[in-house]
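Me: I would like to go through this model with you and ask, for each label, what value stands behind it.

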Amino acid sequence: MFYRENGQFKTSYQADQQIFPILQDRLAIMGIVAFAAVAVPLLADEYLFRAILIPFLILSLAAIGVNILVGYCGQISLGSGAFMAVGAYMAYNTFVRIDGMPLIVALLAGGFFSMLAGIIFGIPSLRVKGLYLAVATLAAQFFFDWAFARIGWFTNYSTSGSVAVSNLSVLGWRIDTPMEKYLFCLGFTVVFALLAKNLVRSAIGREWMAIRDMDVAASVIGIRPMYAKLSAFAVSSFIIGVAGALWGFVHLGAWEPLAFGIERSFQLLFIVIIGGLGSIMGSFFGAAFIVVLPIFLNQFLPWVGGLVGVSISTAMVSHAEFMIFGALIVWFLIVEPHGLAKLWSIGKQKLRIWPFPH
């Protein structure tokens with residue numbers, strides 16, 4: 001038995017259940033990954049790696065975690081920055097307190113402890129939702145901000161209150177240069193993005209979406225809300241924790257609790273809203289927009305002001321960023337909830353009309 005989709009025959013259940021069942025989609029994704037892994041390291045300079053590419057990859061990874069919780073399961077969270085902090089600090093303690101701890105294991109350990117924190121602070125989702133759940137997760141942000149600033153054990157009793165890591169290496173590969181850090185983050189992001197894409201298409205992913213659409217109806221058809229919601233918090237917090245560990249270890253190198261403040265939580269939520277709720281690819285679009293827009297405005301607005309004889313200060317540029325972000329958030333929440341991911345969807349539809357062999 002077979003059927004035809006976009007001009008391509010599906011002759012088995014396995015073929016239909018591929019992560020990217022359409023040939024053009026697979027080619028596009030493989031092309032993007034190949035370009036990022038081969039061409040970008042040859043073309044980009046140190047500034048591009050440090051200021052744009054590495055933050056973009058790590059924020060994309062964190063946004064994937066937030067999107068699983070907010071976009072796919074419909075549970076509003078304002079504690080993403082706190083879970084990033086848990087991942088960073090627990091990865092740090094695992095790395096410095098256990099002799100010979102491999103870097104990748106330490107980063108994953110940070111994600112594990114962040115997952116535990118996410119489950120604990122996700123328990124209120126069993127009884128409350130919407131604004132009340134957002135306030136409950138906001139409590140996690142304030143609690144961990146206080147804990148990492150006041151409890152000396154987390155910082156290995158550092159007198160300055162900050163922590164630092166150095167001499168990163170994986171199986172003899174020293175991660176020192178910006179290009180090496182970029183490739184390391186790229187590997188993590190690609191692997192977790194593929195895992196998340198596969199996960200949201202599985203049975204648990206369908207349970208998350210059923211809870212998001214109508215939790216009462218989902219429970220009637222046999223879906224356990226407690227399992228679905230807490231599993232979403234667990235997976236989301238794990239991915240966010242790994243992203244937080246990468247942010248501290250690879251991007252910052254040295255950090256303090258303010259690096260994961262409430263502004264980070266709002267930033268990740270804005271990335272998901274602008275990129276597209278319920279879209280793995282939208283997480284990348286939103287992160288790219290958040291990272292590139294401030295740099296673009298810092299260059300573009302003073303140039304435009306110079307053309308008309310108006311001086312544009314740094315404060316005015318900052319205010320313009322907030323106004324643009326605010327306008328886009330309102331637009332994507334009310335008018336186009338799919339965000340920038342809709343551009344990717346439109347592009348895929350145009351790509352599928354190419355004459356590929358059946």
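**Labels and the values behind them**

Reply: Tyr-157 is a good place to begin, since this residue has a relative accessible area of 58% and is therefore exposed. Please keep in mind throughout that the model is a predicted one.

Me: Why is Tyr-157 called exposed, and where is Tyr-157 found?

Reply: The label exposed requires a relative accessible area over 50%, and Tyr-157 has 58%, so the label applies. Tyr-157 is found in the loop that runs between α6 (131-150) and β3 (163-164), and its phi is near 55°, which is a positive value in a residue other than glycine.

Me: What makes Leu-171 count as exposed?

Reply: Its relative accessibility is 90%, and because the cut-off is over 50%, Leu-171 counts as exposed. Leu-171 lies in the loop between β4 (169-170) and β5 (173-174), and phi of Leu-171, a residue other than glycine, has a positive value near 55°.

Me: Why is Phe-184 called buried?

Reply: Buried means under 20% relative accessible area, and Phe-184 has 6%, so the residue is buried. Leaving aside residues up to four places away in sequence, Phe-184 touches Leu-103, Ile-104, Leu-107, Val-170, Trp-173, Ile-175, Leu-246 and Val-250. Phe-184 is also listed, with Leu-103, Tyr-182, Leu-246, Phe-249 and Trp-255, among the residues with the most contacts inside the largest nonpolar core, which has 98 residues. The largest share of this core, 17 residues, is contributed by α3.

Me: How many aromatic pairs are there, and what makes the pair of Phe-184 and Phe-188 edge-to-face?

Reply: The count comes to 20 aromatic pairs. The rings of Phe-184 and Phe-188 have centres 5.2 Å apart, inside the limit of 6.5 Å, and planes at 65°, which is over 60, so the pair is edge-to-face. Both residues lie in helix α7 (residues 178-200), four residues apart, or about one turn of the helix. Phe-188, like its partner, is buried, because its relative accessible area of 9% falls under 20%.

Me: Why is the pair of Phe-192 and Phe-238 called tilted?

Reply: The angle between the planes is 40°, neither under 30 nor over 60, and the centres lie 6.1 Å apart, so Phe-192 and Phe-238 form a tilted pair. This pair links distant parts of the chain, with Phe-192 in helix α7 and Phe-238 in helix α10 (residues 225-252), 46 residues apart.

Me: How do you know whether Phe-192 and Phe-238 are buried or partly exposed?

Reply: Phe-192 has 10% relative accessibility, under the 20% cut-off, and so counts as buried. Phe-238 has 21%, which falls between 20% and 50%, and therefore counts as partly exposed.

Me: What is known of the second largest pocket, and which residues are the closest to its centre?

Reply: About 380 Å³ of space lies in the second largest pocket. Of the 16 residues that line the pocket, Gln-267, Ile-290, Pro-294, Glu-321 and Phe-325 are the closest to its centre. Two or more lining residues come from each of α3 (46-72), α11 (262-275), α12 (280-308) and α13 (314-334), and α13 gives the most, with five residues. By class, the lining has twelve nonpolar, two polar and two charged residues.

Note on methods
Residues numbered from 1 in each chain as written. Predicted model: local features only at pLDDT ≥ 70, side-chain atom pairs only at ≥ 80, totals over all residues. Heavy atoms only, no water. 1 Å grid on protein atoms, 1.4 Å probe; cavity = no way out; pocket = protein on both sides within 12 Å on 5 of 7 lines; lining within 4 Å. Points joined across faces, edges and corners; volume = space filled by probe spheres on them. Nonpolar A, V, L, I, M, F, W, Y, C, P; charged D, E, K, R; others polar. Core = buried A, V, L, I, M, F, W, Y, C linked by side-chain atoms within 4.5 Å. Buried < 20%, exposed > 50% of the residue type's maximum accessible area, 1.4 Å probe, protein only. Contact = heavy atoms within 4.5 Å. Phe/Tyr/Trp six-rings, centres within 6.5 Å; stacked < 30°, edge-to-face > 60°.
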